[in-house]
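Please examine the following structure together with its sequence. The paragraphs after it explain how its parts are joined.

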Amino acid sequence: MATVIIDGNEIEIGDDERLNGIQAARRAGVDIPHYCWHQGLSVVASCRMCLVETGQRNPETGEVSMMPRVVPACQTPASDNSVFVTNSDKVKEARAMVEEDLLIRHPIDCPICDKAGECHLQDYHFEHGRAERRADIKPFTSRRRPMGDTVTLFVDRCVMCTRCVRFTREITGTSELMVVNRGANEEIDVFPGYPLNNKLSGNVVDLCPVGALGDTDFLYSQRVWFMKKHDHVCAGCSTGCSITVEENQDKIYRLKPRENEHINHWWMCDEGRYGFKHVHDSARLTEPRILGEEGYENIEWSEVPQFVERELRKAGRVAEIISPHLTVEEAFMLCSYIRQIDEQATLILGPIPTVGEDESFPNGFTIHAEKCPNLRGVEAVLNKFSPTLTTFDTFIEQFDLYSPNTVWVTGGYKSDWISAEAAQTLASKNTLIVQDIFSSPVWKLATVQLPGAAFAERQGSYVNCNDQLQSFDWAVRSPAGVMVEGQLYWRMLGRSGLYNAKSMLTEIAREIPYFSAASGGVPNLGVDLKINQLA
Amino acid sequence: MAFEPVLLANINKDESYTRPVYESTGGYQAWRQALQMSPSEIIDQVKASNLRGRGGAGFPTGLKWTFLPKDHAGPIYFCLNADESEPGTFNNRILMEDDPHQVLEGLMISCYATGASTAYYYMRYEYPLAWGRTQAALNECYEAGYLGDNILGSGYSLNIYMHRGAAAYICGEETGLIESLEGKRAWPRIKPPFPAVEGAFRKPTVVNNVETVACVKHIMDRGADWFKSMGTPADPNNPRDPGSYGPKLYCLSGHVNQPGCYEAPLGLTARELIDDFGGGVWKGRKAKCVIPGGISMGILSADELDCPLDFSGPGKYKCLGLGTAAAVVIDDQTSIVDFLHNSARFFAHESCGQCTPCREGTSWALKMLNRIKAGRGRIKDLDLLLEIGNKIGISYGTTICGLADGAAWPLKNAIEKFRAEFEDYIKRTNPDGYMVTEPVIAMEEPVGSH
């Protein structure tokens, strides 16, 4: 173990850990302010905000010799007997100087800046800046221009940390952003005719420590301090990025990536980032209905469990289509329920939405072609209940062979997912129960229509393409008229009270060996289910 | 014993820039001789001469070469820094225009010594004549077999590529130069790794100044002892002073009767340079101050003209160092405010903009000086300017490269050494407002102040 001394406190770091001063100090609970440094990007040491005093302790005598000049902590490795001083007058002076410098030409237009409230410049100035402004320059230009479809640059707010430039060079490899001009006239820009339009472009907004790069989609829609953040998992593809859903009064304003070294590191793709619009789409289905003799009539949710059970028992042979949009818990509960009704019921894996090819970026981030969050999880559940996996296409082709009396379809797809012919086939029997979020050919033919939940309204766990299971709680309440699948299945199983995804997952982990790694609860960053397969 | 110019010996000959003229004075003998020696012998000789880099920092050249990794599989690159952008400096230009072969020969010997088989000749954009003549000289060398594959049957191969800069001061910083050479924005790199370990194209790289390699040629010709026979010996009380030896090209400009480039042993004083070489201050006036070595080195006041212009001299007078040994004389009729304003304008324009303190500090200083010049100065501004001068630079630790120190030194020297004149100027031009303080955002007001 290597010992590092931070402000007089000793901390231990691993011998093979390569930490810089900022990271080592973080271990000791000391926050060293920084703009240009980001763990996922190369070190440039140019903002000079993380200046500290460093030295080396002689392990034999215990004597500390300090460097005469201040150094950037981001560039200084923490090794055995390294000494960092982050709170001396000299360091405070240096921080105050950098803060003063950064505000000389900054418009200080915080009242109309989207970043206000989560801005490093604000926070650091509050903590490390001078109480008075000595520069009598009063800039207020606030020039802005689009960098691409998703990002707006507010030129004068920029502190030239170049995180965004490095991101497009090192992570996406597309290099759209650059620095133009020199000295105090420097600006971030794109080359004319080559806008910032790669599939990870939205990340530069997260990287920007100040309000210079604004998310055009989010711009001026909400003050950040009104939003509540909920840890969640992106349902856009089988990568399953860890995200936070930021909402106010059940309206989602933006999604942000959440650091997870096992899955997405610090990034997420634009498709996922802006892929929440359907949650608040006015076309969402919100009325549970049944087809009566005189057309559709509404049904109360409280009556749904009994009604559905009656229908199913009446029918006898049941086929159940399990959507890969369901959570592990939902799929498990639904399968258990169906098995209670009909031990011979056919369990079918719903259609797997696939768009294009998997797309990887130089640093390894991958956008998967499989546009559903929980294929692995649902497959594992189906394996438990059904000796062979029946795919949706096989089921439609050999529908007469299976010949069910009742079909229950779970959807949750964002876009068209079923053809009119397939819908006709499914509707050829007496009872067709459909749970979905948008109208579809099969919804229109259903005898029982049950509006379902979108990803941010669900509670439970997804398993991504690399067998990483992540659990999450609901972020927003579903619209009136919708009952989240998990809650419905919980009731149908006759459980009391509110749906409890955690206890359900524990049950599943006991029942299905694939999930056993999740039995002790799931940490924030998820759990690797492969651990058990190896053992 | 009168000093015989060595570096400038040929510049006044007719067609001094051609190979025949150069060879008629013994040119390329050193190169032929060097190829007979082992590289380590050459490095030893350069080390023995105590040659220090002529580009500004005065780093010992032989020592720099030994930082290269031993037995490296290669390639090792050699960059010749001919991006001579320091205001007042033109010694490299004269060498490259009037004696380009001398520079090339020195460069070849240096490449051979360091094991580089590729050299990049990085010349600043503004030197078209030097560019043309160096290019022509390079062609002559290839024709004569001094360059190319298996040079003169020695088995050693060397190619030199010319690279023209795009007129940015920062490209004179060695890692800025390397970045620029690689086709990137000339933002100096963070060190370590130093170029000797990882430089151009991520390979070990040496960056040396034009005059430095020219000296290498003469050390090969005349030996290390000759080189050490002139200059200022090391200070025995300062173990970190390797001494200042050899001839040096002094650029003299400004308010003198005979401006020009003069060669003299290191260590002559500013006064000697002005009076003996420059024929004194022009128009019978007195010097107010002298820039010892390019504007970034700060200024010597009229009382400090006995400062020896060697590597350690100007530092004793609170200047940054010898720099490029480009002395600019400023007469006593010139306003120090104008001088500092001009200097600040240069650095605000040329700051590369990478590190916050330099980017914002230089521009803030210029804006303050603009205001002072416009008659709205305040005494308090001087303290702020001094603070900027004291706080930016690699010596304080707030920037990546040393050019920020160069921006800081004129500021702090001018204000420390001529504060009375600044105060006088402010009081004269802003008689009513010179004590006004700027608005304060948050201040506790004394009780009952309303």
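A salt bridge is a pairing in which a side-chain nitrogen of Lys or Arg lies within 4 Å of a carboxyl oxygen of Asp or Glu. Side chains of opposite charge can pair when their charged atoms come close. The model is predicted, and local features need pLDDT of at least 70, side-chain atom pairs count only at pLDDT 80 or more, while totals for chains, interfaces and linings use all residues. Residues are numbered from 1 along each chain as its sequence is written, chains are lettered from A and ligands numbered from 1 in the order in which they are written, and side-chain values use heavy atoms, with hydrogens and water left out.

Consider the meeting of the two chains. Chain A and chain B each give 38 residues to the contact, where contact means heavy atoms within 4.5 Å. The buried area, which is the accessible area (1.4 Å probe) that two parts lose on being put together, summed over both, is about 3200 Å², with 52% of it on carbon and sulfur atoms. On the side of chain A that touches chain B, there are 18 nonpolar, five polar and 15 charged residues; here Ala, Val, Leu, Ile, Met, Phe, Trp, Tyr, Cys and Pro count as nonpolar, Asp, Glu, Lys and Arg as charged, and the others, Gly among them, as polar.

Between chain A and chain B there are eight salt bridges. One of them links B:Glu387 to A:Arg134, with the closest N and O atoms 2.9 Å apart. Another pairs A:Glu186 with B:Arg185 at 3.1 Å, N to O. This pair joins two chains, because A:Glu186 lies in a loop of chain A and B:Arg185 in a loop of chain B. A:Glu186 is buried at 6% relative accessible area, whereas B:Arg185 is partly exposed at 27% (buried means under 20%, exposed over 50%, partly exposed in between, with a 1.4 Å probe and protein chains only).

Salt bridges also occur within a chain. A:Asp206 and A:Arg273 meet at 2.7 Å, N to O. A:Asp206 lies in helix H5 and A:Arg273 in helix H6 of chain A, so the pair ties together parts that are 67 residues apart in sequence; helices (H or I, at least four residues) and strands (E, at least two) are DSSP runs, numbered from the N terminus. A:Arg273 is buried at 1% relative accessibility. In chain B, B:Lys217 pairs with B:Glu105 at 3.4 Å, N to O.
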